Every structure is written in structure tokens, then in C-alpha cells.
Amino acid sequence: MVWMNEIARKITCFRISNKWPRLQQKQNDMVKCINKHIYFLSVVQCEHNMHLFSQCDPGEATKLLYDLLYTEPIKIVLMPGCSGVSTIVGEAARMWNLIVLSYGSSSPALSNRQRFPTFFRTHPSATLHNPTRVQLFQKWKWTRIATIQQTTEVFTSTLDDLEQRTKEAGIEISVRQSFLTDPAVAVKNLKRQDARIIVGLFYETEARKVFCEVFKEKLYGKKYVWFLIGWYADNWFKIHDPAINCTVENMTEAVEGHVTTEIVMLNPETIKGVSNLTSQEFLEELMSRLGGKNPEETGGFQEAPLAFDAVWAMALALNKTSERLKAKGRRLEDFNYNNHDITAEIYRALNTSSFEGVSGQVVFDAQGSRMAMTLIEQLQGGTYKKIGYYDSSQKNLSWFGNDIWIGAGPPADRTVVREEYRYLSQKLFAAVSVFAGLGILLGIVCLTFNIYNSNVRYIQNSQPYLNNMTAVGCMMALAAVFPLGIDGHHVHRSQFPVVCQFRLWLLGLGFSVAYGSMFTKIWWVHTLFTKKDEKNEKKKPWKLYATAGVLLAVDFLSLMIWQIVDPLHVTIEKFTKEAPKEDLDVLIQPLLEHCSSDKINTWLGVVYGYKGLLLLLGIFLAYETKSVSTEKINDHRAVGMAIYNVAVLCLITAPVTMILSSQQDASFAFAALAVVFSAYITLVVLFVPKMRRLITRGEWQSEQQDTLKTGSSTNNNDEEKSRQLERENRELQKIIQEVSSPQPLASTKVIH
């Protein structure tokens, strides 16, 4: 097989240098057959001096094809190079029963047996890159990619295949851009749509245009990864190109770190194949034939092993076909353009090919495409470094672990959005909680005082049971401050609905108990004042408690219906994304937890409307009864003052907290402090004057004194009148005593 090595080397050298050395005349019939019947449409100049260099132009290739077919001798096999030429030749060849074997075509469209029934290629389909790309996306945990392609059939069909594979793998192609000659707009669109992981499919000349625009748009660096085709020349970004206005330094900066995938075109193992050459021995001979040319500047250098193995594949197939024909009493030389049988024999021989070549194991799939491993490289410091291999047939990734990134590691496939919950200021929560706790202690003191002195006439005349309800309601409202400040910082989100229930019930019932008892008092006083009926003066106290109980029952039932029909749950409010202060490729997504329900606005409207009317009515009644004096409820003026304060605070706080609901600190501060101040004012106004009166005047020591001194603790005029009457009474008693007593000394003086 020495002659085959010689022919293959010469064909390979021409594939690289575009110079066709005249094939040496061999005596072997196989060599004569190859000389006469195999034509390289892309790059061949044959013995009869017909120029067949198509320059990858489909139109030129079509002209050369017909010149060949109608020029002696008869051809058996055509060997085009480029995908565009292979498409034209492959479709036409079946009309002349010709086998087509390509060594440089990668278009996925050529893997169509109905369209190209006699086509084979030692260059794998470009779609063989896609399983490798998907494997890398999964390795680096990317689920969102972008693509930019040159609008040619090979890249369009490759991208269609990639889209299908990524969809099956759960990976989204979020941006898909294309261009014909100028990629400027497409690159700008990539940046505008936040593309991070970008697959580029274009030829080498267009690659320089793309990366010049990439440099201008700053679409490179630690945030971005580009995936390119690996068959460009190693120094493709350093080649002077008048079509771009970027310097070599600009291009070198823009392309740093990109990843390439390429079919393994040179066997990485030192195994001697059918040609009795290892891959390294092949390269050494190839370099000697190049005469010292730099491989980086030599187009097609990487595909040279594929061209070498293509000739070997065809020679072995013709050899096998010749033996089969000989058994039938026929020869390859009997072939003509109408002879389908010999074509079928060559097809079967190629289809069953399996040998070790300098590019690796040569095997064709059912579509006539080469099966091969994929080489993964990364540009590191201006030089391509091998970082792994991927065998798609075995789904095996061989990883070297020497990948280098500009940042700390592989970048994210999008701007990372980090969710951060906004929590209440713990200092604010602690401060308000202290005030609430002290208020609860004050409520306990007031309640204890009221119960202990419930037999004192002065306390009895203030309806102590209603005052007890007021103290209990204030303590419940103050206790609601604690769940009001509890959020995800303190409890798990699954437990948050329980906190929401505590907030609602403590605040709702606390308000009903405290305000309801005060409203009942002021309403009762107003009823007595307006009717002025003696019967009303003798109303039984249970009616007061019944009125307060009705108000409490209304609130209890409304809250119960709310929780049964539309229970509270946790909702998350999202705010505008924010950039962190650190130099990180992330955005902060602020979140805030709320207690809410499906029809929260309806329920709040009902509750606020009902309680708002009670507050306004309480203000009106307090104003109407401000000058009324009655012994039945001797602290109604203090109750009126408490109602004023509670109503004003509630009417202001409710709408403000709704407006500030997105500002957790301000909302909590307004709501909690309104509760605290309302409770404090109510307790102080209602109970402190009673304590002061009983302590300073000692009225709890004498029931009779309490009876004589019964009056409103808050009515200073009545107290002054009472004291004045007492003084006058003492003076009158003294005068009467002096007038009625005997005067013996005076009588004696008169006698003497």
C-alpha cells in the first residue's frame, strides 16, 4: 500500500497548498483507476490540464462538473471539498450514478439520504458539535444561551439542530440573531438582551467582523463566554483584515477566553493505522511537504488528515468493489453513467468502511457522515489549549480540568438575581416592644386597682366592669404589637400565617373590647342627657354590658366569617431590582412579606368602614356630653377625652399604614406607636385620676366619707362646690353651737 500513501500525501498537500503535483505513473491498475476516475472538484488540476479549482463557488463548481462529465475519461467518484460545492455535486451526481466522497463538507443539510443518496464524507456533520456544546452547557450549569449566525445553509441547519437538542435538555435559546454581511446590529441586540453565553456560527472572515463589534460593545470579559467553530486558523484574530477597523490588540482582548469545539481531525493516540503511519508521523511528512510554511497561516491545515483518510477510504472501497466485481466476471473499467450496479457495489463498500486512519477511526453512519470525537479548546493568553474531548456516541466527556476564566469561575448565564427579604429593623421592634410591655404592666396595675377597689362608691359610680373591659382591651391591643413586628426574620414562612392570625384577632378584639366599653358609656350618658327621663336614670347596669357585648359579638363574627371564607396567607411583594454596592454580576431582588387574602381590600373596606363610623359617632357623642354631669357614670368626661385621642390616632394611622405598606419600618412604626399611644392615653386618663383621688383623700377607708364625697373625679367645679358647702356647713354648725350654749360668767358680772 505504499503507493496509496504517496497519492494520499500528494492529494493532502494540494488540499493545503493549492498546487497539484503530477501523480507518478504507477504500474498498479488501482493507481491508474484512481488517476483516471477520481476528481477533486474543489482543488484539483488533472493530467489533461483541465483547471478544476472551484474556490468553493457553487456556480463555478457546476460549470466544472458538467465539463468533467462530458470530457473523457468516464468518472466513477467525485470528491468535492466545501459544503456549498458538495450540495450542488451531491444532488446532481445521482443522475449519473456517481459516488460523492467529501473531505471538507460539514453542512448538516448533506445528511439527507433522500436528497443526497450517494454522498459520503470523512468530515463529520457540523451538528456533531451540538452534543458537545449541550454537554458543556450542562457541565457549567447554564440554562440560557444566545446565538448569532451568518445566514448560510450550513449554519442555519446547524442552529436548528442545536435548538432542538437544547430544548430536549431543558436549555433555553433566549436570543437568536443573524446577519448577512454586517454583524453590528446583531451584536448590539445581543448586549441589549443581556446575552451571556453566546454560540457564534460564521466563517473566519465574518468572525473578525463579529469580534470587532464585540470589542466596541464590550461584549467580552468575565461576564461572557463565546463558543466558536474550531477550524479557524490559530491566528485568525491576528490576521490583518481591511474590512474591520480594530487593531490586533483590540481583537486579542475581545477573543480571550472563548471556547471552540472541533471534530477530532488528528488521532490523539500514537496508533499506526491502515497507512502504517501514526498521526505524528503523518504531520512530520506533511510539514516537510509544506516546505517550512507556518501551519497557522495555511488554510485547510487542520482538515489535511481528513483528506488523507478520504483517499484511503475510497481506495479501500474500490479495492473491495473490484474483488466483488471480479467474482462476477466484471471490472471497474466497465462502469458507465447508466450502470447502477457498480455504483451500488461502491456504495456498499463505503457504507461498511471501518479502518484506523490518521484522523482516528473512520466509520460512516446511515446518512454517510463520519462518526468522530469532538475536541474542546479554550483560548488562554492568545493560545488555544486543549481542555477536553467528548465522544457523543458513548456520551463520555474526558475533561483535563485546565480551563481558565477571567473571573472566579464560569460566568452565570444571565444576570444573577439574588432574592433578599426586607425585614423589620430589630432596634425599632425592640424599642416599641419595650413600650408595649410596659403598657401591659400598666394595664395590669390599673385592672388590679379597679378590681380591688370595686366596693368603693366612687369606683362603683364609674361602672368598674366596663373599665375592666377597657383595661383588658388595651392589654390585648398592646399584645398585638409583638406579632405585628414578627416577620420571616423570626419565624419560618410556613408559620407566618399563624402570626397573621394573631395580628388580626388581637388587634380586632382588643379594639372592640377597649373602645366598645368606652363607646357604651358615652352612648349611655348621651341617652340620659337627651331623654331626661327618670326611668332612664334607673336603667339597669346589665344593659350597658349587653351593649358592649353586642359590639364585641359583631366584631367576633365578622372576623370569624373572614377567616372561614377568605383566610389570611402570606403574599410576597417584589420591588425594583437593585444593584449591590459590591462589584458583583448580580442584581438584588428585594422582597417583602405581607399578610393578605384574596379579597383583602373588600374585607378591610368593611372593617374600616364599620369601625370608622363607630369612631366618628364616638367623637360626636363625646362632644355632645362634655358638659353633662351625672353620678351614674362619673368618669364620662375622661372617657370622652380617651375617645378623642383614640379616634384621631386611628383615623390618621389606618390610611397612612396602607400607603406605607411597602415600607416595613415606617408602616410598623405608625401602626405600633398608634396602638401604644392609644392604650397609654386611655389607661392614664381613665385610671390615674381615680388612683390619685383615692390615695390623696383616703376615700377607700370610709364608706360614709365616700358617700358624702361622691362626685365626678374629673369635675373640678363640682369638687370645689362640695368643699365650699362643707366649709359653710362647719361654720354654721359652730355658730349654732355657740348660740345655744350657757354663759354663767356673764350673768355673774351683771349681778355684781
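Hi everyone. Two strands pair if DSSP finds at least two bridges between them, and the strands and helices I name are DSSP runs numbered from the N terminus, with at least two residues for a strand (E) and at least four for a helix (H or I). This is a predicted model, where local features need pLDDT of at least 70, side-chain atom pairs count only at pLDDT 80 or more, and totals for chains, interfaces and linings use all residues. Residues are numbered from 1 along each chain as its sequence is written, and side-chain values use heavy atoms, leaving out hydrogens and water.

Let's start with strand E11. Strand E10 (residues 225–229) pairs with E11 in the parallel sense over three bridges, and there Leu228 stands opposite Thr260. Strand E14 (residues 374–380) also pairs with E11, in the antiparallel sense over five bridges; the bridge partner of Ile263 in E14 is Thr374.

How enclosed is E11? Five of the five residues of this strand (259–263) are buried, so it is largely enclosed by the rest of the structure. Buried means under 20% relative accessible area, with a 1.4 Å probe and protein chains only. In a regular strand, side chains alternate between the two faces of the sheet. Here Val259, Thr261 and Ile263 are buried on one side, Thr260 and Glu262 on the other.

Now to helix H8 (residues 204–217). Of its 14 residues, 11 are buried, so H8 is also largely enclosed by the rest of the structure. Among the buried ones are Phe211, Cys212 and Phe215. Just after H8, Lys218 takes a positive phi of about 60°.

Thanks for listening!

Conventions
Buried means under 20% relative accessible area, exposed over 50%, partly exposed in between (1.4 Å probe, protein chains only). The expected span of a helix is 1.5 Å times one less than its number of residues.
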